[in-house]
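Biologist: I'm new to this structure and would love a guided tour of one part of it. Could you pick a spot, look at it closely, and then tell me how the neighbouring pieces fit in?

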Amino acid sequence: MRYIKTGVLLLVCSVLITGCGSGKKLSLADCTDTTILIHKDGSVDQVIVEAFDESYYDKEELKNFINTQVDAYNTQNKDHKMKASSLKEKGKNMKIKLEYDSLESYASFNSVTADTFGVEKASEIQIIPDTFVSVLDSKTVDSSEITGNSKYQILYINDDCNIRMEAKMKYYSGAVVLNNTTVQTTSGEPAVIVYE
């Protein structure tokens, strides 16, 4: 009986540790600001949070507009797909969840710069800044610590949003860390995020 209780306790703990804020799923309820989640397979979930506080705003009209935009994108981009998966009014905000088959689709639809590179390619195209900040302990490290590790991948993005990743974020530049799974970027300065 003691082993069963211990097993159940361990299972509950592992669910709590991996299920809360782990970034594996992006739900409308989790997001108070516009947020993207980049999955290991390259697909992207996006929750857009916008004020919806004017009396003339119409939820059905917005839903039709979004579906029209998504259909137009999918028609024009045969190799890349996206979909609007949910829309919910919460207080004076509207939350919209969009799903993209790739980071390229996300960048194209939102007219932003976003791409991933290996360390060697990122160095070659000169997008690696001189210093980074550690997600774990907020210490500043020299870029040589990044470029010396071929296991690292680089996310280069210029968008105003919170970013979560299924992969482990290690270092960042041009962003603010909100917690060990989320960084916040602004569209004024490109963010460079190192992950593995």
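**A close look at a pocket**

Modeller: Happily! Let's start with the second largest pocket, which has a volume of about 280 Å³. Please keep in mind that this is a predicted model. Twelve residues line this pocket, and the ones nearest its centre are V135, L136, K168, M169 and N180. If you'd like an element to hold on to, try strand β10, residues 169-173, which gives the most to this lining, with three residues. By class, the lining of the second largest pocket is made up of six nonpolar, four polar and two charged residues.

Now for the other pocket. The largest pocket holds about 400 Å³ of space. It is lined by 23 residues, and those closest to its centre are I48, L62, F65, I66 and I96. Which elements supply at least two residues each to the lining of the largest pocket? They are β2 (44-51), α2 (59-76), β4 (93-100) and α3 (103-110). Of these, α2 gives the most, with six residues. Nonpolar residues number 14 in the lining of the largest pocket, alongside four polar and five charged ones.

Two of those contributors, α2 and α3, also pack against each other, with their axes 11 Å apart and an angle of about 120° between them. That angle makes α2 oblique to α3, because it falls outside the 65 to 115 degrees that count as roughly perpendicular and is not over 145, where roughly antiparallel begins. The crossing of α2 past α3 is right-handed.

Let's finish our tour with some strands. Strand β5 (residues 113-118) pairs with strand β8 (residues 153-158) over six bridges, in the antiparallel sense. To find this pairing on your screen, look for T113, whose bridge partner in β8 is N158. Strand β8 has another partner too: five bridges join β8 to strand β13 (residues 191-195), and these two run antiparallel. Here a handy landmark is L155, which has I193 as its bridge partner in β13. If you trace β8 along, then, you will meet β5 as one antiparallel partner and β13 as another.

To retrace the route, you can begin at β10 for the second largest pocket, move to α2 for the largest pocket, follow α2 to where it packs with α3, and end at the bridges of β8.

Definitions and conventions: Residues numbered from 1 in each chain as written. Predicted model: local features only at pLDDT ≥ 70, side-chain atom pairs only at ≥ 80, totals over all residues. Heavy atoms only, no water. 1 Å grid on protein atoms, 1.4 Å probe; cavity = no way out; pocket = protein on both sides within 12 Å on 5 of 7 lines; lining within 4 Å. Points joined across faces, edges and corners; volume = space filled by probe spheres on them. Helix = DSSP H or I, 4+ residues; strand = E, 2+ residues; numbered from the N terminus. Nonpolar A, V, L, I, M, F, W, Y, C, P; charged D, E, K, R; others polar. Pairing = 2+ DSSP bridges. Axes fitted to C-alpha atoms, helices over the stretch in contact; angles between N-to-C directions. Parallel < 35°, antiparallel > 145°, perpendicular 65-115°, else oblique. Left-handed = near helix turned anticlockwise from the far one by under 90°.
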